[in-house]
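These notes are for a colleague opening the structure for the first time. They go through it point by point, with the model open alongside.

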Amino acid sequence: MAKAADIELIALTKRYGAVTAVDGIGLRIPAGTYCCLLGPSGCGKTSTLRMIAGHEIASDGDVLLGADNITELPPARRGTAMMFQSYALFPHLTCLDNVAFSLKMRGVGKVERRTRAAEMLARVEMTSFAERLPAQLSGGQQQRVALARALITDPSVLLLDEPLSALDPFLRVRMREELKTLQQRLGISFIHVTHSQDEAMALADLVVVMNQGRIEQAATAREVFNRPASAFVARFIGGHNVIALAPGGGALGNGVALAALPTSARHVAVRADRMMLGRPGAALPLSGMVRSVEYLGATVAVGLAVDGLDPLSAVLPEAAFFADPMRPGDGVCVGWNAEDMHGIA
């Protein structure tokens, strides 16, 4: 396998006519990192991946792999490999020949390329399917073949464009476990584009949240979830209440003190599972009404309406909720501990 290497993006920009899809981003991904580019449709994550792969030409900026500037190199000479969202397997070739195809294009002899392809199929546990055509495989099996085909070129970085989006929910969870295990075994970097927060949180050593062509935050999954860098990140990652501060800060205008927050903060983020609820008259600073109740198994999500604030939510353990269940329309008191507030721009 190729030696793992850092990958660095320097002021990387992509324009399509008058539209700037990627706006001068900078990012360093250490060797051996599982990195997820996360964001809504149109945020620039796929354009970024395709510029790393060489399938899109950068308008400005550079892509470095280790000590090499690969910005102008064709895809086959970059030391990267890409697994496409559709898997892009040749329907008329067997699994073995699909995996061996790139070696054939490089002039590797038939015996050697088929031997190496068989070894790669064994690595993804697809040996018994070597002579099947793609149409005879399940979605998860096709994904494994596409992985083997990408990895046979010994890349330093594997690029994955929404690799799990076509799978059913059960298989998606299983395959993300396999992807993470494979990445750790190979020791190379995986850069994985997704719009699924759960997928990114489960897989990534480095989560890169993108919005309108820029990077809003790049950090570990735990850091992104517990200390979102912006209101956009807090809302997109989910699991947070984002509350706008009154002009001048100091309080929400309803008795919740904010003295511990930085003066630059324009919003407060509070995790939904850190919210405290009580019946009317409880010693909590906000009063409101229950909007909705959703039973989620281990937890219950309670939607809340508080005058002057956007809709809030609280997530309670199942046992705690059913010890004193609430219904839509019930009055409620709401609060949180000061240490659970996170000030954001």
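1. A residue is called buried when its relative accessible area is under 20%, exposed when that area is over 50%, and partly exposed in between. The model is predicted, and the remarks below should be read with that in mind. By this cut-off the buried residues of helix H1 are Lys45, Ser47, Thr48, Leu49, Met51, Ile52 and Ala53. Helix H1 spans residues 45-53, and 7 of its 9 residues are buried, so the helix is largely enclosed by the rest of the structure. Just after H1 comes glycine 54, with a positive phi of about 90°.

2. What is the strand order of the open sheet of 4 strands? The order is E2-E1-E4-E5, and the pairing is antiparallel. E2 and strand E5 (68-69) are at the edges; each has a single partner strand, so one side of each has no neighbour in the sheet. H1 packs on this sheet and touches E1, E2 and E4, and its direction makes about 115° with that of E1.

3. Within that sheet, strand E1 (residues 7-16) and strand E2 (residues 19-29) run antiparallel and are joined by 7 bridges. One pairing to look up is glutamate 8, whose bridge partner in E2 is arginine 28. The hairpin of E1 and E2 has 2 residues between the strands, and glycine 17 there takes a positive phi near 65°.

4. E1 is also joined to E4, by 5 bridges, and these two strands run antiparallel. Leucine 9 has valine 63 in E4 as its bridge partner.

5. Valine 63 deserves a separate look. This residue sits in strand E4 (residues 60-65) and is buried, with a relative accessible area of 1%. If neighbours within four places in sequence are left aside, valine 63 is in contact with Ile7, Glu8, Leu9, Leu12, Met51, Ile52, Asp68, Asn69, Ile70 and Thr71. Among these contacts, Met51 and Ile52 are also listed as buried residues of H1. As for a position elsewhere in the chain, the C-alpha atoms of valine 63 and arginine 176 are separated by 27 Å, with these positions 113 residues apart along the sequence.

6. Two backbone angles should be checked. Most residues other than glycine have a negative phi. Alanine 11 has a phi near 50°, a positive value in a residue other than glycine. Alanine 11 is placed in strand E1 and is partly exposed, at a relative accessible area of 41%. Glutamine 212 likewise has a positive phi, near 50°. Glutamine 212 belongs to the loop between strand E9 (206-211) and strand E10 (214-219), and at 65% relative accessibility this residue counts as exposed.

7. Which residues of helix H2 (residues 95-105) are buried? They are Cys95, Leu96, Asn98, Val99, Ala100, Ser102 and Leu103. These buried residues pack against helix H3 (110-123) and H4. After H2 comes glycine 107, whose phi is positive, near 85°.

8. Helix H4 (residues 139-151) and helix H5 (residues 169-186) have axes that come within 11 Å and cross at roughly 20°. An angle under 35 degrees counts as roughly parallel, so H4 is roughly parallel to H5. The crossing of the two helices is right-handed. On the H4 side, the contact is made by Gly140, Gln143, Arg144, Leu147 and Leu151. On the H5 side, it is made by Leu171, Arg174, Met175, Glu178, Leu179, Leu182 and Leu186. By type, the residues of this contact are 7 nonpolar, 2 polar and 3 charged.

9. A further open sheet has 3 strands in the order E11-E12-E18, with antiparallel pairing. Its edges are strand E11 (240-244) and strand E18 (342-344), each with a single partner strand, so each has one side without a neighbour in the sheet. On average, neighbouring strands of this sheet are turned by 30° against each other, direction ignored. Strand E12 (residues 267-271) pairs with E18 in the antiparallel sense over 3 bridges. In this sheet, alanine 269 stands opposite histidine 342 in E18.

Key. Residues are numbered from 1 along each chain as its sequence is written. This is a predicted model: local features need pLDDT of at least 70, side-chain atom pairs count only at pLDDT 80 or more; totals for chains, interfaces and linings use all residues. Side-chain values use heavy atoms; hydrogens and water are left out. Two strands pair if DSSP finds at least two bridges between them. Axes are lines fitted to C-alpha atoms, for helices over the stretch in contact, and angles run from 0 to 180 degrees between N-to-C directions. Angles under 35 degrees count as roughly parallel, over 145 as roughly antiparallel, 65 to 115 as roughly perpendicular and the rest as oblique. A crossing is left-handed if the near helix is turned anticlockwise from the far one by less than a right angle, and right-handed if clockwise. Contact means heavy atoms within 4.5 Å. Ala, Val, Leu, Ile, Met, Phe, Trp, Tyr, Cys and Pro count as nonpolar, Asp, Glu, Lys and Arg as charged, and the others, Gly among them, as polar. Buried means under 20% relative accessible area, exposed over 50%, partly exposed in between (1.4 Å probe, protein chains only).
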